[in-house]
Each structure stands twice: as structure tokens, then as C-alpha cells.
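Please open the model in your viewer and keep a selection tool at hand. The tour below proceeds by selections, each followed by a description of what is found there.

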Amino acid sequence: MNMENEFRAVADCASLEEVRAHIDRLDRQIVALLAERGGYVKQAARFKKSTDDVKAPARVEQVIAKVTGLAQELGADAVVVEKVYRAMIAGFIEAELREHAGLASGASKA
């Protein structure tokens, strides 16, 4: 199995504290991945000519289809995955729009 589709079995926890420790560990990993994803989103703004290119609704739907398929493949709740991704993408679009506007204003000053 390649790393992209790797799923670690959920440990059988003996206490709520153990459950929370696993969740805390996962939260740290998730935030690290969000930071990495955000770095790529920031770079993407350089390659887009307009705010419509940043919003890219067709691309959003492509990503949603991909991750809901992954959710089914990996045994995740597809509804939860879709909601999380839609919220995450909306946040990243806002950040990318700010980055794009900053790049555009920097270019107009040059």
C-alpha cells in the first residue's frame, strides 16, 4: 500500500484519556498538513490571473469528488469529509484571494 492511501488502524483505547491523547496527536498532524497545504495554496496565487481563477468552482468540485472517493476507499464518513473539505477550501480560497490581491497590488506598484 502506498503512503498516499495508507490508513492506520484505530487503536482500541482503554480510557477517555487515551482516546484524547490519540486525537491530540492526530490534531497536531492535521495542523501540520494544513500548514503544508497552505504553503502550496499561497504559491498557486502566483499562477492565477484573476479572482475567478482563484475561486475555481470546477476545481473545488473536482477536489470534493476526489476526497469523498478517498473517504469511501479508506472507511471514513464521506459526509464529514465533504463538509470538512468544503469549509477548508473556503478558508483557503479567502487566504489565496488575499495573497492574490497582495501580488496584484505589488505588481501595480512596480
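What follows is a tour of one helix, its neighbours, some charged pairs and a surface patch.

Before selecting anything, bear in mind that this is a predicted model.

**First stop: helix H3**

Select residues 57-74, which make up helix H3, and display the backbone from end to end: the helix has 18 residues and reaches 26 Å from its first C-alpha to its last, close to the 26 Å expected at 1.5 Å a residue. Now show the side chains of Val-60, Val-63, Ile-64, Val-67, Thr-68 and Ala-71, which are the buried residues of H3. They cover an arc of only 130° around the axis, and therefore lie on the same side of H3. The spacing of such positions follows a general rule: an α-helix has 3.6 residues a turn, so residues three or four places apart point the same way. Turn the view to the other side of H3, where Ala-58 and Gln-72 are exposed. Then step past the end of the helix to Gly-75, which follows H3 and has a positive phi, near 80°.

**Second stop: Arg-86 and its partners**

Side chains of opposite charge can pair when their charged atoms come close. In this model the count of salt bridges comes to 3, and two of them can be viewed by selecting Arg-86 with Glu-61 and with Glu-82.

Begin with Arg-86 and Glu-61, whose side chains meet in a salt bridge with an N to O distance of 2.9 Å. This pair links distant parts of the chain, since Arg-86 belongs to helix H4 and Glu-61 to helix H3, 25 residues apart. Both partners are partly exposed, Arg-86 with a relative accessible area of 33% and Glu-61 with one of 41%.

Add Glu-82 to the selection, and a salt bridge to Arg-86 appears, with the closest N and O atoms 2.9 Å apart. Because Glu-82 and Arg-86 are 4 residues apart in helix H4, about one helical turn separates them. Glu-82 counts as partly exposed, at 30% relative accessibility. Keep Glu-61, Glu-82 and Arg-86 displayed together, as salt bridges that share partners join these residues into one network.

**Third stop: Glu-96**

Move along helix H4, residues 78-109, to Glu-96. Is Glu-96 buried or exposed? With a relative accessible area of 6%, Glu-96 is buried, because the cut-off for that class is under 20%.

Which residue forms a salt bridge with Glu-96? The partner is Lys-48, and the closest N and O atoms are 2.9 Å apart. Here too the pair links distant parts of the chain: Glu-96 is in helix H4, whereas Lys-48 is in the loop between H1 and helix H2 (51-55), 48 residues apart. Lys-48 is partly exposed, with a relative accessible area of 25%.

To see the surroundings, select the residues that Glu-96 touches, leaving aside those up to four places away in sequence: Val-41, Ala-44, Ala-45, Lys-48 and Val-54.

**Last stop: a nonpolar patch**

Finally, switch to a surface display and select Leu-26, Ile-30, Val-31 and Leu-34, which make a nonpolar surface patch of about 320 Å². Within this patch, centre the view on Leu-34, which lies in helix H1, residues 16-44. Leu-34 is partly exposed, with a relative accessible area of 31%.

Methods:
Residues numbered from 1 in each chain as written. Predicted model: local features only at pLDDT ≥ 70, side-chain atom pairs only at ≥ 80, totals over all residues. Heavy atoms only, no water. Helix = DSSP H or I, 4+ residues; strand = E, 2+ residues; numbered from the N terminus. Buried < 20%, exposed > 50% of the residue type's maximum accessible area, 1.4 Å probe, protein only. Contact = heavy atoms within 4.5 Å. Patch = residues over 30% accessible without salt bridge, like charges linked within 9 Å, V, L, I, M, F, W, Y side chains within 5 Å. Areas by Shrake-Rupley, 256 points an atom, 1.4 Å probe, with all protein chains shown as cover. Salt bridge = Lys/Arg side-chain N within 4 Å of Asp/Glu carboxyl O. Expected span 1.5 Å × (residues − 1). Arc of directions from axis to C-beta.
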